[in-house]
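Q: Could you take a close look at one pair of packed helices in this structure and describe how the two sit against each other?

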Amino acid sequence: MYRKEEQPLPPPEKFELPFEGKLSPNNRWVIMAELIPWDDFEEEYAKLFSAEKGAPAKLFRMALGTLIIKEKLRTSDRETIEQIRENPYLQYFIGLNCYQQEPPLESSMLVHFRKRIDGELINKINKKIVKREIDKSDKEVKKKDCLQEKREKIKNKGKLILDATCAPADIKYPTDLGILNQARIETERIIDNLYKPLRVKLRKKPRTSRIIARKEYLKVAKKRKVSYQERRKAIGKQLKYLKKNLGNIEDLIQAGASLENLSKRQKNCLETIKKVYEQQQSMWENNTQSVPQRIVSLTQPHIRPIVRGKVGKPIEFGAKLSVSCVDNYVFLDKISWENFNESCHLKEQVEKYKETFGYYPESVHVDKVYRNIDHRLTGKEEGLMAYYPLNGDASDSTSNKNHGTIHGGTWTQENLEFLEPLKGTEKPANVDREQNPQSVLNFDGQDDYIEIQEPFENNRYFTISLWINPAILNSNFRGFIGKQEEAYRQPGMWVGPSGNELHYDSYDTSGQRYFSILNNFFESKDKWVHIAWVKENTEYKIYRNGELFAMEPAPTNFYTTNTNYWLGRVDNFFQGKITEVRIWNKARTQDEITQDMNHRLTGKEEGLMAYYPLNGDASDSTSNNNHGTIHGGTWTQENLEFLEPLKTNI
DNA sequence: CTCCTCCCTTATCTGAGGGC
DNA sequence: GCCCTCAGATAAGGGAGGAG
């Protein structure tokens, strides 16, 4: 139950103190209490509680106030309560109307407050506070001169600073070997617990070899310098013990052991350990260092390694957050345990700025990463990276001078439309996409296709990527790349017959089939989507618009012939548009894919075996000259928003 | 039946001690 | 001098049970 205070809170001067005296209205807590819109969010908070039953909940002002005090004083939960007990100003801040000796709440309540008042609500409150202050200052301006008139003139105002950082979690630096060892120890404890009630029935306890396993772990963990092979061997051994233990746990459950004998923590831990085993096993088998959603802490499995370009500390563990700063007000835009790509948020943040303030910022200040395509190619500048005057007037050099002197670094001026394809420090070629449509080939779904020579260089690795725009979904399988004529299919992809699916298929050299149907891959018909299919050892990765969509098992060697290969057709025909078909002889990383998906290539990139821009013809732009033969199909002129035209000066 | 308080458990860090 | 283990300290979370 949530019971609202009947009486409105008296002003600070009326706060009852044990001795003579008043609270000062100039005290920082009194001032801060005035800034916070307590009442505006009380209703939202009250909704969390049942209407009638139960003891009345602590008031919203007390909950939020206590959390603010804790963060402001940087104290522990318990110390915060002590502080509140001793300080009448703090008691006023959390909404009491007279001083009391007893603590008004118990420290473990902060645990509940944190759950009730989440980041989203804090963000809302923050925005409200800023809006209030801005409205206040706007009113003052209005008194001086007519604001209405001024507002209309203002198109760009203020400075928007965007950056991302990491809030490190309190965990010890994780190593693969350490995690596996910890997981092994935990499984041993679980086995002990599960075995206990079955002692009479089973007689024999499953063997865990824990002493030997520990010795083997210590042998490597204690060493100062460990060679790659040694570590790999040690990890392999721990994996074996862990596998055995997990098997034993399954057997115990089969024999009648109940998971009820485990604590909630242990149950969760067991699930985590199973995942850890899978991840580590696949990394060990494939000799790779990375795996999606990699677990680095058994007790806090949501923590991910956050890779940041910091010297000396390239990887941090904790939540990643992106922050924007406007006129000294700071907003938390996104916080996530997963490693997101902040560069995607630039345009979004600029639009949000306009929503909040009614105009675009005069300047946007961001890191190098936000220029998500070409920073690798130039990368000469240090410090501040980009300047976008968003009024479309790129030739205005006065503001350039102003800001340039303040911040140093190199300023470039860009049009908002070119946020993505920004080119180093040089001015972007003045290309207006509206006026420069590009040719795109349309396939009719009946008999149109392109034939090329089989493009794979080896039968172990590939990256196939292309942009497609299906004209029809959920009717039949419609293959758009691949080949089916010999004994088995060569690697191929289809639009599926239902559920907006993407279907891929491949075989290994002995005829074992490796395929999958990925549901809800396509958002809708007539919409461009970028697909990248990567084969890395025994793993397929499918990326949609640069984001990892699925990981599936792949054959060691895939079946391919030395004959030919098709675009727009497999065993049936594709209806829609295709452009930018690329086939590489290696497994490209996600970074490489996202960096190159939005612009044309030169054809000289390393590992590029065949490249069909399909911009007017089916020629192969690589030196392999594997030119395609077009069977049917019509060319249309399109404004491809996702694809920056090739610039001749590169 | 719900919410709070009290007490306990769990997770992590720190520094002493000691082996290599 | 490095890096382990161990014990102790600190902090937050969990859960039983009582109050409303």
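A: What follows describes the pairing of two helices in chain A.

This is a predicted model, in which local features need pLDDT of at least 70 and side-chain atom pairs count only at pLDDT 80 or more, while totals for chains, interfaces and linings use all residues. Residues are numbered from 1 along each chain as its sequence is written, and chains are lettered from A and ligands numbered from 1 in the order in which they are written.

Chain A has 16 helices and 20 strands, taken as DSSP runs numbered from the N terminus (H or I, at least four residues, for helices; E, at least two, for strands). Two packed helices are described by the angle between their axes and the distance between the axes. For helix α9 (residues 176-195) and helix α12 (residues 228-254), the axes come within 9 Å and cross at roughly 20 degrees, where axes are lines fitted to C-alpha atoms over the stretch in contact and angles run from 0 to 180 degrees between N-to-C directions. That makes α9 roughly parallel to α12, a label for angles under 35 degrees.

The residues of α9 that meet α12 include Leu177, Leu180, Ala183, Thr187 and Ile191, and among their counterparts in α12 are Ala234, Ile235, Leu239, Leu242 and Ile249; contact here requires C-beta atoms, placed from the backbone, within 7 Å. By class, this contact has 15 nonpolar, 5 polar and 4 charged residues, with Ala, Val, Leu, Ile, Met, Phe, Trp, Tyr, Cys and Pro counted as nonpolar, Asp, Glu, Lys and Arg as charged, and the others, Gly among them, as polar.

Across chain A, residues 24 or more positions apart account for 67% of the contacts with a separation of 6 or more.

Key:
Parallel < 35°, antiparallel > 145°, perpendicular 65-115°, else oblique. Contact = placed C-beta atoms within 7 Å.
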